[in-house]
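This report describes a protein model, beginning with the whole chain and then turning to selected residues. Please examine the sequence and the structure before reading on.

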Amino acid sequence: MPEMINPFLNNDAFNMVSLTNAINILPNQYGKIQAMNLMPIKGVRTRVIIVEERNGVLNLLPTQPVGSPGTVGQSGKRKVRNFNVPHIPHDDVILPSEYDGIRAFGSETEMMALAQIVNDKQQTLRNKHDITLEHLRMGALKGIILDADGSVLYNLYDEFEITQKVIDFALDDPDTTVRTKCLDVSRYIEQNAFGAMFTSVYVLCSASFFDAFIEHENVKAAYEGYQEAADRLGGDPRKGFKFGGLTFEEYVGQAPDVKGNIRKFIADGEAHAFPIGTMNVFDTLCAPADFLETAGTIGKQIYTKMEPRKFNRGMDIHSQSNPLPMCYRPGMLVKLTA
């Protein structure tokens with residue numbers, strides 16, 4: 001009896017490099033933060049990231065008589081911190097029944113049909129890694145990066161030895177001057193920028209915070225005018241309402257964990273403010289996969305690889321991502337409560 005040929009073996013279209021390149025160009029299905037290009041992908045060569053902090057001393061310079069020597073600058077404190085990049089593997093399988101009976105006819109070749117099966121599996125894997133990355137990025141925006149089970153991977157406030165800033169908007173009090181609260185957020189971020197440039201401040205809100213915000217007596221009239229203008233233009237008034245110098249947007253990101261529990265990326269009654277238009281505040285650092293052929297190379301966002309199952313009963317697909325979203329200045333992050 002002739003040996004059955006596995007169509008996925010010895011084919012360059014299904015090797016690690018081709019699969020990895022393919023999955024990284026598939027369309028992204030999830031991610032407000034990805035859409036904002038807030039934390040761009042930056043490949044690194046190692047699984048341990050070193051972040052160096054130079055807390056430069058800024059002070060007022062006194063006037064001196066002409067000819068006097070200048071005041072002597074003070075060296076800032078230098079601290080080095082290590083971060084291990086999270087490793088996120090996820091596997092799938094292609095069974096013979098999924099490609100049994102594929103025949104080449106018309107304009108569709110057998111290889112194209114097999115490639116479509118792999119592409120569908122790749123898209124499913126990509127979607128899961130994308131929503132996981134969105135969850136990690138939201139954690140970096142909040143200053144506390146959480147794992148899928150809710151455990152803390154990194155508390156950036158503890159790592160950088162600062163206190164998290166929380167501003168209570170007191171939206172249950174009709175006398176609260178909400179515009180002043182917004183200015184307090186902007187002032188705090190400006191004071192803690194320490195030389196970092198940014199263009200504006202954005203706020204991602206839970207649905208309950210957003211509802212309480214737009215229903216407040218000091219905000220309602222402004223929002224109604226904005227809503228009327230948005231309706232005329234056919235837009236969604238929840239997507240970017242500007243008030244008090246801040247842009248507020250409702251954020252509904254959520255996903256089930258491995259136990260099926262739905263985890264909201266922003267807790268009810270909360271919102272999170274952060275700077276946008278920055279140059280060196282946010283990154284998504286991606287380490288290389290733990291394959292022999294990728295050791296020491298620049299990391300990619302996602303990797304995939306296939307190998308035959310025992311007794312040639314299908315193909316196992318392994319995928320992994322190794323991302324660490326990072327906010328280098330958590331002092332510029334503000335938590336808002338309703």
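What percentage of the residues of the protein chain count as buried? Of the 338 residues in the protein chain, 42% count as buried. The model is a predicted one, and every value below was computed from it.

## The chain as a whole

The secondary structure of the protein chain consists of 8 helices and 18 strands. Contacts between residues at least 6 apart in sequence can be sorted by their separation along the chain, and 75% of them join residues at least 24 apart. The accessible surface of the protein chain amounts to about 18,700 Å². Carbon and sulfur atoms account for 52% of that surface.

## Salt bridges

A search of the whole structure finds 12 salt bridges. Three of the pairs are set out in the following table, with the distance between nitrogen and oxygen and the accessibility of each partner.

| Pair | N to O distance | Relative accessibility of the partners |
|---|---|---|
| Lys 32 and Glu 249 | 3.2 Å | Lys 32: 27%; Glu 249: 4% |
| Glu 217 and Lys 220 | 3.9 Å | Glu 217: 53%; Lys 220: 27% |
| Asp 257 and Arg 263 | 3.1 Å | Asp 257: 12%; Arg 263: 28% |

In addition, salt bridges that share partners join Asp 92, Glu 98 and Lys 121 into one network.

What does the salt bridge between Lys 32 and Glu 249 tie together? Lys 32 belongs to helix α2 (residues 32–35) and Glu 249 to strand β10, so this pair links parts that are 217 residues apart in sequence. Glu 249 counts as buried because its relative accessibility is 4%, a value under the 20% limit for that class. Lys 32, in contrast, counts as partly exposed at 27%.

The other two pairs can be read in a similar way. Glu 217 counts as exposed at 53% relative accessibility, whereas its partner Lys 220 is partly exposed. Asp 257 counts as buried, while Arg 263 is partly exposed.

## Strand β10 and the loop after it

Strand β10 pairs with strand β9 (residues 239–243) in the antiparallel sense, over 4 bridges. Within this pairing, Glu 249 of β10 stands opposite Lys 239. The hairpin of β9 and β10 has 2 residues between the strands, and Gly 244 there takes a positive phi near 60°.

Tyr 251 lies in the loop between β10 (246–250) and β11 (254–256). Is Tyr 251 buried or exposed? Its relative accessible area is 8%, and Tyr 251 is therefore buried. Leaving aside residues up to four places away in sequence, Tyr 251 touches Lys 32, Glu 134, Met 138, Leu 204, Cys 205, Ser 206, Phe 265 and Ile 266. With one of these, Glu 134, the side chain of Tyr 251 makes a polar contact of 2.7 Å. The C-alpha atom of Tyr 251 is separated by 9.6 Å from that of Lys 264, which is 13 residues away along the chain.

## Two neighbours in strand β3

Val 80 is located in strand β3 (residues 77–84), and Arg 81 is found in strand β3 as well. Val 80 counts as partly exposed, with 45% relative accessibility. Together with Val 48 and Ile 50, Val 80 makes a nonpolar surface patch of about 260 Å².

Arg 81, on the other hand, is buried, with a relative accessible area of 8%. What does the side chain of Arg 81 reach at 2.2 Å? The side chain of Arg 81 reaches the backbone oxygen of Glu 159 at that distance. Residues up to four places away in sequence are again not counted, and Arg 81 then touches Ile 49, Ile 50, Val 51, Glu 53, Glu 159, Phe 160 and Glu 161.

## Positive phi outside glycine

Two residues take a positive phi although neither is a glycine. Ala 170 has a phi of about 45° and is found in the loop between β7 (165–168) and α6 (178–191). With a relative accessible area of 18%, Ala 170 is buried. Asn 312 has a phi of about 60° and lies in the loop between β15 (303–308) and β16 (315–321). Asn 312 is partly exposed, with a relative accessible area of 36%.

Conventions. Residues are numbered from 1 along each chain as its sequence is written. This is a predicted model: local features need pLDDT of at least 70, side-chain atom pairs count only at pLDDT 80 or more; totals for chains, interfaces and linings use all residues. Side-chain values use heavy atoms; hydrogens and water are left out. Patches are made of residues with over 30% relative accessible area and no salt bridge: like charges are joined within 9 Å, nonpolar side chains (Val, Leu, Ile, Met, Phe, Trp, Tyr) within 5 Å. Accessible areas come from the Shrake-Rupley method with a 1.4 Å probe; for residues, only the protein chains shown count as cover. A salt bridge is a side-chain nitrogen of Lys or Arg within 4 Å of a carboxyl oxygen of Asp or Glu. Buried means under 20% relative accessible area, exposed over 50%, partly exposed in between (1.4 Å probe, protein chains only). A polar contact is a pair of N or O atoms within 3.5 Å; within protein, one must be able to donate a hydrogen and the other to accept it, and residues adjacent in sequence count only if both atoms are side-chain atoms. Contact means heavy atoms within 4.5 Å. Two strands pair if DSSP finds at least two bridges between them.
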